[in-house]
Amino acid sequence: MKKIARSELNALFAAIAEQKQLFIPADNTAGQAEFILWKDGVALTEKLNTTRSAKDLFFPQVENLVNFKVSDKKMEIIENRDPAAPFVVFGVRACDCRSFDILDSVFLSEPVDTFYKARRENGIIVTLGCTKPAETCFCGAFGIDAANPAGDVTCWLDGETLYWKSNTDKGKALTAALSVLTDCDENAVVAIQENTRKILEKLPLNNLDLSGFESDKLMELFNNPAWTELSESCLGCGTCTFVCPTCQCYDVQDFDNGREVRRFRCWDSCMYSDFTMMAHGTNRPTQKERFRQRFMHKLVYYPSNNNGVFGCVGCGRCLQKCPIHMNIVKVAKKLKEVAK
Amino acid sequence: MQRIGVFVCWCGSNIAATVDVEKVSQVLAQEPGVVFSTNYQYMCSQAGQEMIQESIHKYNLTGVVICSCSPRMHEATFRKTCEKAGLNGHMVEIANIREQCSWIHKDKDVGTEKAVVLGRAAIAKVHLNAPLTAGQSPVKKRALVIGGGIAGIQTALDIADAGFDVDIVEKQPTIGGKMTQIDKTFPTLDCAACILTPKMVDAAQNEKIHIYSYAEVESVKGFVGNFNVTIKKKARYVDETKCTGCGLCTEKCPQKKVPNAFNLGLDNRRAIYIPFAQAVPKVATIDADYCTMLKSGKCGVCSKVCTAGAIDYKQKDELIEQEYGAIVVATGFNPIKLDKYDEFAYSQSPDVVTSLEFERLMNAAGPTGGTLLRPSDGTHPHTIVFVQCVGSRCDDGRGKSYCSKICCMYTAKHAMLCREKYPDTDVYVFYIDVRTPGKNFDEFYRRAVEEYGVHYVKGMVGKVVPQDGKLKVQASDLLGDRQLHIDADMVVLAAAIEPDETARPLATKLTASMDTNDFFTEAHPKLRPVESPTAGIFLSGACQGPKDIPETVAQASAAAAKVIGLLCKDSLTCNPCTAQPDELMCNGCSSCEKVCPYGAITYADKEFRGPNRTTLIRRMAQVNPAVCQGCGACTVACPSGAMDLKGFSNKQIMAEVDAICR
Amino acid sequence: MRQDPLIPMLGEVTMIRTDTPDVKTFRVVGIDGKKPFEHIPGQCAMLSIPGVGEALFSITSSPTEPDYVDFSIKKCGCVTTWLHSMDVGQQVTIRGPYGNGFPVDTELAGKDLLFIAGGIGLAPLHSVINYCRHYRDRYGKIDIVYGSRSKDDLVDYPEIIDEWCKEDGINVHLTIDNPQEGWDGHVGFVPNFVKELAFDTSKTVLMCGPPIMIKFTLAGLQELGFDKSQVYTTFELKMKCALGKCGRCNIGDKYVCKDGPVFRLDEMDELPDEY
Amino acid sequence: MSVNEQFQPTIVAFCCNWCSYAGADLSGTNRLQYPANVKIIRIPCSCRLNPMFILRAFQRGADGVILCGCHPGDCHYTTGNYYARRRMTLLFSMLDFMGIERGRTRVEWVSAAEGAKFAATMNEFVETITKLGPNRRLEDLRCSKE
Amino acid sequence: MQQRVKEKALELLRNGTVDRVIGWKTGEFFYDLTPAVFETAEEIEKDFVFSGFSGANLSKYAIAQSRAAGKTAIFLKPCDSYSFQQLLKEHRILRENIYIVGIACEGMLDMEKIRAAGCEGVVSVKENGEELIVETLYGDRTLSRKDCLLERCAVCKSKKVVIFDEMLGEQGDEQETARFDRVAELEAMTPEERFAFWRGELSRCIRCNACRNVCPACSCEKCVFDNDKSGVRNKAAADPFEENLFHIIRAFHVAGRCTDCGECSRVCPQNIPLHLLNRKFIKDINELYGTYQAGADMETKSPLTDFTTDDCEPSIVHERGGVK
C-alpha cells in the first residue's frame with residue numbers, strides 16, 4: 001500500500017498525467033461532477049459521484065465506426081479508427097467499477113467488440129472508496145462493498161491522506177511509475193472502511209431484497225399486472241438509460257454528408273418508441289412494453305444468462321435523475337408486493 | 001431510386017458561352033441515379049423535345065432534369081413534353097443555368113462549376129419527386145352577388161346575360177344601393193335615377209336573376225365551384241308574393257314619426273314603408289322597431305287596408321340554403337360617422353349636412369322636393385361652404401388615412417349645381433388638393449371654377465360655429481395666406497367613405513382577406529384586381545376601395561367576366577402542389593388552420609388503430625386540395641412536421657440544400 | 001488493425017432476378033469474385049447500402065452452392081426499396097453469417113421433413129430445402145407446402161416446378177389464396193391446406209411465413225397430433241446488430257441473433273409473448 | 001496568401017417563386033453580375049421556409065443563408081411573408097442569442113421588378129459573409145470538408 | 001394545504017364526481033414523488049402526496065386520461081394551469097372529461113438545490129415557515145426555503161390558476177418577476193461570450209429527450225426528431241451541431257406555445273438551463289409583438305400564427321442593442 005498527502009493530490013495527478021491521459025471527477029460549470037481530462041487547475045470534486053458514469057470513457061455515446069465512399073456503383077470502405085490513447089480514470093466508485101464486469105460480459109464475449117476492447121486494454125481504472133454514501137445508494141444489495149472497491153488500483157481518501165493500493169498488473173505498473181507515492185501500512189485504511197460500512201448499514205436501501213427474480217419466475221414476472229401502473233407515468237425519455245453505468249444498447253446509423261457516408265454507433269434506449277422498430281412495425285408498441293423490457297432486462301434476463309448476476313450495480317443515478325422519479329427500486333419492490 | 005435523364009441546353013450561345021455544357025452533362029452523368037445525360041443546342045425546340053421523349057422511352061426514365069433557362073420560362077413546356085412521353089409532368093425539374101448562372105457570370109469555369117451544382121440540386125430534388133395529378137372539382141353553375149347596389153346589379157346582369165343563374169342578396173328592402181340616393185352624376189350631370197332604375201327593373205325582370213332583398217348572408221361553407229351558402233331572409237311581415245306595391249298601407253299607417261332612412265333622417269316615414277317609388281322589389285316592409293302592432297299587438301291598420309291580404313305579422317326570418325360556384329362581394333360603402341368632427345358643428349346645427357344628405361336636399365324625390373332649403377328653417381341658403389376631406393387623408397386617427405377619391409368630383413358637382421339652379425348663392429369649397437384624374441374630370445372641375453364661379457379655397461376649415469341662425473365659418477386660405485371668416489347658411493361636409501360595416505364579418509365568413517381599413521384585398525393589386533386571393537370570391541365596386549360610378553360599373557363587369565369564365569367550366573383543375581398532412585403525425589392542434597389564408601384546412605375526428613388492438617379517436621387536419629393554393633405557411637406552423645407540401649416537400653428542399661452545400 | 005465484427009466487407013451483386021412483383025433475388029459475391037463466407041441453412045447476413053441503411057436477410061441459397069450467396073428480398077422498407085432499384089454490378093456491403101441456422105446435421109438428420117412456407121417465408125427454407133436435396137440420402141421423405149396470395153406471388157416458381165416437383169421423394173403442395181385463371185392447383189390458405197393434407201405426425205416441421213399463418217398453421221398441426229417440439233421456425237426479422245450486443249432483439253432472455261433465429265416452438269413457450 | 005483571399009463562401013438563397021425568383025431572373029436578363037457563391041432554391045412563398053432548412057444549410061456547410069420574398073403586402077398568397085417575417089425575426093434573434101455571428105442570416109424583400117436590387121443585395125451579402133469567414137459556430141463536424 | 005389536497009382527491013373519488021385522479025404518488029424517500037393516476041380511495045389513502053416536492057406538472061397526463069372512459073380529476077398549480085389551458089386551446093385535451101382542482105402554490109422545492117447546498121444523504125426535509133430543516137445522514141442543516149425553490153418558482157410569473165372547476169386556497173394574480181434577467185444578462189454579452197456559454201451548456205446534452213418528453217407543449221404524436229420520414233431524425237447527437245439544432249428547433253416549435261412552466265430545466269439530468277431558450281423567445285415576442293402569455297386564455301392568437309402589417313423587419317436583430 002502507498003499513500004500521499006491529500007494536499008499533494010495535484011502532484012499525483014500531474015505525475016499520472018505525464019504518462020497517460022488522466023480523467024478525474026471534477027465539478028463542471030453546472031455544478032455537477034463529471035469525468036474531466038485533468039490539467040493543472042482541475043480539482044477533485046467533493047461530490048459523491050459523477051452524473052454520467054465512467055462507462056462513457058469506454059463506450060462513448062457516439063463513435064465513428066467506419067466510413068464509406070460511394071461513387072457510381074462502386075464503394076470503398078475507409079477504416080479510420082483512432083489508435084486508442086492509454087488513459088487513467090481516477091475516482092471510479094465501487095458501483096461503477098462493478099459495471100465494467102457487466103459491460104465486459106457483453107462486449108468481450110465472442111464476437112469481441114474491438115472498439116470497447118481497445119479502450120478496456122488501454123484504460124486503467126483507479127477506484128476510490130466511498131466515505132459519504134448517499135441515501136440513494138444500494139450497491140450493498142448487489143454485494144458490492146463501497147468501502148473496498150475493485151479496479152486496477154483502489155484508493156481511499158480521508159481528511160489528510162490518499163491511500164493507494166494496486167490490484168492488477170496494470171495497476172502495479174502504474175504505481176511503479178509514480179514516485180510521488182510513499183509506502184504505508186495496509187491497516188491504514190481500516191478505520192476509513194469501518195466508518196463507511198457503518199454508514200452503509202444505515203442507508204435505507206442498503207438491504208434491498210432482490211430475491212424472487214430468478215429465471216424460473218420469468219413468465220410470472222413478465223405478466224405481472226403491476227407493469228401497467230408502474231409504467232403509466234413514464235415519459236419515455238432516455239435519462240435512466242443514459243446515466244446508467246450498465247446500459248449498453250446501441251444503434252448503428254449512417255450519416256451521408258454528400259461526399260462520404262459515415263457510420264456511427266450511438267447509444268440507444270429501450271425507452272424510445274423506435275427501439276425495436278422493424279421493417280413492418282414494432283413489437284413493443286406502448287411504453288408499458290418498453291418500460292418492462294428495461295427492468296426485466298436488468299432484473300431477470302441478464303441474471304438468467306449470467307449466473308444470477310444482476311444487470312444493476314445500485315449506483316442510484318436513476319433514482320436521482322428520473323424526471324418522474326420512477327426507478328428500479330420502486331419497480332423491484334412493487335413487483336414483489338404484487339407477486340405476493 | 002429514380003432513373004434520371006439529364007438534358008443540358010446550350011440555349012444557342014446564351015448558356016454555352018459561359019457554361020461548358022459538355023462538361024456539365026458529363027459531370028452530372030456521374031450523379032447517383034442518372035442513367036443518361038446529354039446536351040443540345042435548343043432543348044425547347046421541336047428536335048430537343050423529341051430527344052427528351054425518345055430518351056424517356058429508351059432509358060425508361062422516371063425523372064428528368066433539364067438544365068436550361070428559368071422554370072418560369074419553360075417549365076410548363078417541358079412538363080408537357082414529358083407527359084406526352086408518358087412521364088408525369090411533375091417528375092421534371094429545371095436547373096436554371098441561364099438567368100441564374102450563364103447570364104450573371106463571365107468566367108466560364110465559375111459558370112460551369114455553378115451549373116453543375118444547380119444541376120445536382122435539381123437531381124437531388126427529382127429523386128424525391130412523386131408523380132402529382134391535379135384533382136378536378138365540379139363547378140356549380142350559379143353565382144351569388146352579395147350587395148345589390150349598382151355594382152352588384154351590374155355584375156348580376158352581366159352574369160345573367162351569359163346564361164348563368166345569379167342571386168343577389170341585399171340587406172335593404174330594395175336593391176339600388178347608394179346610387180338611388182344620388183341626384184345627379186358627374187361629370188355628365190345626368191340623373192342618377194334615370195340611369196339606375198332601368199337597370200334595377202332589368203334585374204328584377206331577368207329570369208336568371210333572383211333577388212333576395214331584406215336578406216343577409218348567414219354562413220358560407222365550401223370552396224371555389226362548390227360554395228354552400230345560407231341566406232337569412234329577414235321577416236318583412238309582408239308577403240312579397242301578394243303585395244302589389246300599391247302603397248295604400250304606407251299612407252294609412254298611423255305611426256308617422258319614423259325617421260326616413262332613405263332620406264337620411266331628413267324627414268319621416270311610416271312604420272310600414274316602401275323606401276322610394278322605384279324600389280325593387282316594390283313591396284312594403286314593416287319596420288319592427290316602430291310598428292305598434294308588432295310591439296304591442298294593437299293596431300293592425302295596414303292589414304285592414306291591404307286588399308291583397310299581404311300583411312303577415314307572424315312572419316319569421318327564413319333561412320335559405322343555396323349552392324354557388326362563385327361569389328361576388330359588392331357590399332359597397334358608407335360615409336363615415338362624423339361624431340369625432342365636432343369642430344364642424346355637425347351635431348349642433350341641422351344646417352351642417354353631409355354631402356349625401358345634400359344630395360337628398362337637391363333631389364326632386366327628396367324631402368324638399370328638389371328645392372334646396374335649409375333643414376333648420378326651410379329657407380333658401382345664400383352662402384354655402386363645402387368642406388373637403390372630412391375624415392379623408394387624415395392621420396390624426398379620427399378618420400381615414402386614405403383618399404376617398406370621389407369627394408372632389410361630387411363636391412364640384414354640388415357646387416356647380418347650386419350655382420346653376422341658384423345663381424344668387426355664394427359657394428365656397430375648401431380643399432387640401434383637388435384631385436381630378438379621370439376622363440373629363442378636370443374639365444368638369446375647371447368649369448365649376450371658371451364658368452360657374454365657385455370659390456375654391458386651398459385650406460381647411462378650422463371651426464364652424466352656429467350663431468344667430470348663421471354658421472360662422474373660420475378657415476384659412478393657404479394661397480392667400482390669410483384667415484377667412486364666412487357667415488354661411490349651410491355647410492356641406494364631404495365625409496370620407498368607408499366599407500360597409502357588414503364587410504368585416506362577411507370577410508370572415510368568406511375567409512377572404514381584408515386590409516386594415518376593411519376593404520377587401522385583391523389577389524394582385526395590378527394583375528388580378530377583381531379577384532380575392534380566396535379562390536372563387538370576386539370583388540365588385542367600393543368594397544375593394546373607394547370608387548366612383550363608372551369605375552364601379554367597370555369593375556362590376558370585370559368581376560362578372562371572371563365569374564363567367566369560372567362558371568363556363570364544368571370542373572376546375574386544382575393546383576397539384578397542395579399541402580397534405582400525414583395523418584399519423586397530426587396532433588390536431590389547429591396551428592396550420594390559423595395561418596391558412598384560404599381556409600383550406602378543416603379538422604375531423606378520425607379513428608385510428610392504437611397499440612394492442614385499441615381504437616383511438618384523434619382530431620386531424622384535412623386539406624381541401626381544391627382550395628389550397630400551395631403557399632406552405634401551414635407546413636412551417638406545424639410542429640410535428642405532419643403537414644408537408646407536395647412538390648416542395650421538406651425532404652425535397654433539404655435535398656436541394658444538401659446538394660448545394662456539399 | 002483487426003477488423004471489428006461491425007465493420008462489413010464489400011460484395012458485388014452479380015445477378016438480379018425478378019421473382020414476383022415485389023420480390024427479387026440478388027446474388028452476391030465478394031469483390032474477389034468468390035463466395036463471401038460459408039454458412040448453415042437458416043443463417044442470415046447483413047446487407048447494407050451506406051447512407052441508406054443496414055438490414056438483415058436470410059440467405060436463400062444452399063451452403064452447397066460453391067460460388068455465391070443468394071438473397072430473396074421483398075420490397076417493404078427503405079433498404080429493400082433501394083435494393084430493388086439497383087442494377088447488376090452494384091457493390092453493397094455484407095457481413096455475416098449470423099444466427100444458429102436449422103439443425104440440419106443434428107436434429108433434422110434422418111427425419112421426414114415437412115416444410116411449410118407462406119409468401120416470402122420461403123426464403124429461409126429455400127436454403128434448407130436445397131441443402132436437403134443436395135444431401136438427399138441424409139433425410140427421409142420431404143413434403144413442401146407453399147402458399148402465396150396468387151400464382152404471381154409464388155417465389156422461385158420456375159425452380160419449384162422444374163426441379164423440386166420433378167424430384168423423387170419430394171412432394172410439393174402449392175396453394176394460392178384466391179382462384180385465378182391459369183391456376184389449376186389448390187386454392188385456399190396454408191393452415192387449412194395443411195389440415196386437409198393430414199400429414200402423419202412422424203414428420204419434423206420447418207415453418208416460416210407471416211405471424212398469422214404461423215399461428216393458425218401451428219393450431220392445425222396440433223389438431224393433427226403434432227407436438228410443438230416437432231416444429232421449427234425462424235425469427236430473423238427481429239435481428240438488429242446480429243452480434244448479440246446491441247440489446248434489442250431479445251425475446252425474454254433469449255437473443256434472436258445469438259440463440260436464434262431458429263427456435264423450436266416448444267422453447268418459445270417459456271418466453272414472453274413479445275414477437 | 002491570407003485565408004480570406006482564398007475563402008469562397010457557400011451561400012444559399014431561398015427565393016419565393018412569385019417575386020424574388022422572378023427578380024433574380026430579371027437580374028440575369030439584365031446581365032447584372034453577382035458572385036457565383038450564391039445558389040438559389042425556389043420555394044413557393046417565403047412562408048414555406050422552415051427554420052430547419054436554414055439550420056440544415058449551415059449543417060451541410062453553408063456560410064450564409066438569405067431569404068428573399070415579396071414585399072410585405074404584396075405576397076402572392078396575401079399573408080405568407082408576414083408569417084415569414086415573424087418567424088425569421090425570432091429565429092435570427094435566437095441564433096444571435098446563441099452567439100452565431102449576426103449577418104450570416106438575412107431577409108430581403110425583392111419584387112419581380114427589382115432585378116437590380118437582387119444583384120446588389122447578393123453582392124453585398126457575399127461581401128458580408130466573406131468578411132465573416134467560414135461558418136465555424138454552426139458547423140457540423142461530420143460534414144466538415146477539412 | 002397538503003392535507004386539503006389529499007382530502008379533496010378522496011372526496012371527488014368517493015362522491016363519484018370523478019372516476020380517477022391524477023396526482024402525485026409517494027416514493028422511496030420524501031422527495032421522489034411520481035405523477036400517478038389513482039383509481040381507488042384506498043390508493044389515495046395509501047400513496048397520494050401533495051408536498052413541497054410536488055413540482056411535476058401534471059397537465060400533460062390529461063391528454064391521455066381525458067380520453068379514458070369516465071371523468072378524471074387533475075390537480076393544477078398556477079403554472080400548471082397555463083400548460084393545461086394551452087393544451088386545451090390546441091384541442092389536445094377533452095375538457096368535458098376533466099375536473100380541475102386548482103391549488104394555490106407557495107413555490108415548490110428543488111432537491112438538486114438542497115443537495116447543491118452541501119446536504120448529502122438527506123433523510124428528511126421539514127418546512128418551518130421560511131426555513132427548511134434538512135436532516136441528513138451526516139447531521140442536520142437549516143436552509144432558507146427561498147434558496148431552495150425550483151428555478152421557475154424563484155421567479156414565479158403568476159399565482160393565478162387560469163382554469164379550474166374548483167379552487168383550493170386563495171386565487172392569486174400574475175406578478176412581476178425577474179424571470180427575464182438572466183436572458184438580458186446573456187443578451188448583454190458579446191456574441192463570442194454567448195457562443196462560449198451555449199457551447200459549454202449544450203455540449204453536456206446527452207439527448208436523453210427528457211426536456212422534450214416532459215414538455216407539455218411538446219405533445220406531438222411523433223416528434224420530427226423521432227420520425228424517420230422527416231429527414232431530420234437523429235437519435236443521439238453525434239456532434240455539437242446536432243444539439244444546437246435540436247434545441248433551437250424545439251424552442252422554435254414551442255415558441256408562442258411555451259407557457260414557461262420550467263419543466264425542461266427541472267428534469268434535465270445535465271442541469272442545462274434550457275428554459276433560457278424558451279424565455280428568449282418569450283422575451284422577444286413580448287418586446288416585438290406585444291406581451292403574450294401562452295395558456296393565459298383560450299382566445300388570443302399565438303404570435304407565430306398572427307401578424308400585423310407593420311411588424312418589425314428581421315434586420316432588427318442586427319440593429320438593436322447589445323454588444324455587437
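**Exercise 1. A run of strands in chain B**

How many bridges join strand S24 of chain B to strand S25 of chain B, and do they run parallel or antiparallel? Work it out on this predicted model, then follow the chain onward to S26(B).

*Solution.*
Step 1. Find S24(B) at residues 461–467 and S25(B) at residues 470–477. Six bridges join them, and the two strands run antiparallel.
Step 2. Pick a pair to check by eye: Val464(B) stands opposite Val473(B) in S25(B).
Step 3. Look at the turn. S24(B) and S25(B) make a hairpin with two residues between them, and Asp468(B) in that turn has a positive phi of about 50°.
Step 4. Carry on to strand S26(B), residues 482–488, which pairs with S25(B) over seven bridges, again in the antiparallel sense. Here Gln474(B) has His485(B) as its bridge partner.
Step 5. This second hairpin has four residues between the strands, and Asp481(B) takes a positive phi near 50°.
So S25(B) pairs with S24(B) and also with S26(B).

**Exercise 2. Unusual backbone spots**

Where do Pro187(B) and Pro261(C) lie, and is the peptide bond leading into each one cis or trans? Then do a similar job for Asn60(B) and Ala198(C): is phi positive or negative, and is the residue buried or exposed?

*Solution.*
Step 1. Start with what you'd expect: most residues other than glycine have a negative phi, and most peptide bonds are trans.
Step 2. Now the prolines. The bond from Phe186(B) to Pro187(B) is cis, with omega near -10°. Pro187(B) sits in the loop between strand S8 (184–185) and strand S9 (190–191) of chain B.
Step 3. Over in chain C, Gly260(C) and Pro261(C) are joined by a cis peptide bond with omega about 5°. The loop that holds Pro261(C) runs between helix H6 (256–259) and strand S15 (262–264) of chain C.
Step 4. Next, phi. Asn60(B) isn't a glycine, yet its phi is positive, near 55°. You'll find Asn60(B) in the loop between helix H2 (46–59) and strand S3 (63–68) of chain B. Asn60(B) counts as exposed because it has 11 C-beta neighbours inside 10 Å, and the cut-off for exposed is 12 or fewer.
Step 5. Ala198(C) isn't a glycine either, and has a positive phi of about 45°. Ala198(C) is in the loop between helix H4 (190–197) and strand S11 (204–208) of chain C. With 11 other C-beta atoms within 10 Å, Ala198(C) is exposed too.

**Exercise 3. Who touches whom?**

Which two chains share the most contacts, and which elements of chain D give two or more residues to its side of the contact with chain B? Then look at chains B and E: how many residues of each are in contact?

*Solution.*
Step 1. Eight pairs of chains touch, and the most contacts are between chains B and D.
Step 2. Count each side: chain D puts in 34 residues and chain B puts in 37 residues.
Step 3. On the chain D side, the elements giving two or more residues are helix H2 (20–29), strand S2 (38–43), helix H3 (51–59) and helix H4 (80–97). H2(D) has the largest share, six residues.
Step 4. Sort that side of chain D by class and you get 17 nonpolar, 10 polar and seven charged residues.
Step 5. Now chains B and E: 19 residues of chain B are in contact with 16 residues of chain E. On the chain B side, helix H16 (591–595) and helix H18 (650–661) each give two or more residues. By class, that side of chain B has eight nonpolar, eight polar and three charged residues.
Step 6. Some pairs don't touch. Chains C and D have their nearest C-alpha atoms 13 Å apart, while for chains C and E the figure is 10 Å.

**Exercise 4. Two domains, and some scores**

Which residue ranges make up the domains of chain A, and how many residues does each domain bring to their contact? What scores does the predictor give the complex?

*Solution.*
Step 1. Domain 1 of chain A covers 2–52 + 80–202, and domain 2 covers 215–339.
Step 2. The C-alpha centres of these two domains of chain A are 27 Å apart. Their contact takes 19 residues from domain 1 and 15 residues from domain 2.
Step 3. The domain 1 side has 11 nonpolar, five polar and three charged residues.
Step 4. For the complex, the predictor gives an ipTM of 0.92 and a pTM of 0.82. Chain D averages a pLDDT of 90, with 96% of its residues scoring at least 70.

Note on methods. Residues are numbered from 1 along each chain as its sequence is written. Chains are lettered from A and ligands numbered from 1 in the order in which they are written. This is a predicted model: local features need pLDDT of at least 70, side-chain atom pairs count only at pLDDT 80 or more; totals for chains, interfaces and linings use all residues. A residue is buried if 20 or more other C-beta atoms lie within 10 Å of its own, exposed if 12 or fewer, and partly exposed in between; C-beta atoms are placed from the backbone. Two residues are in contact if their C-beta atoms, placed from the backbone, lie within 7 Å. Ala, Val, Leu, Ile, Met, Phe, Trp, Tyr, Cys and Pro count as nonpolar, Asp, Glu, Lys and Arg as charged, and the others, Gly among them, as polar. Domain bounds come from an automatic or database domain assignment. Two strands pair if DSSP finds at least two bridges between them. pLDDT is the predictor's confidence in each residue, from 0 to 100.
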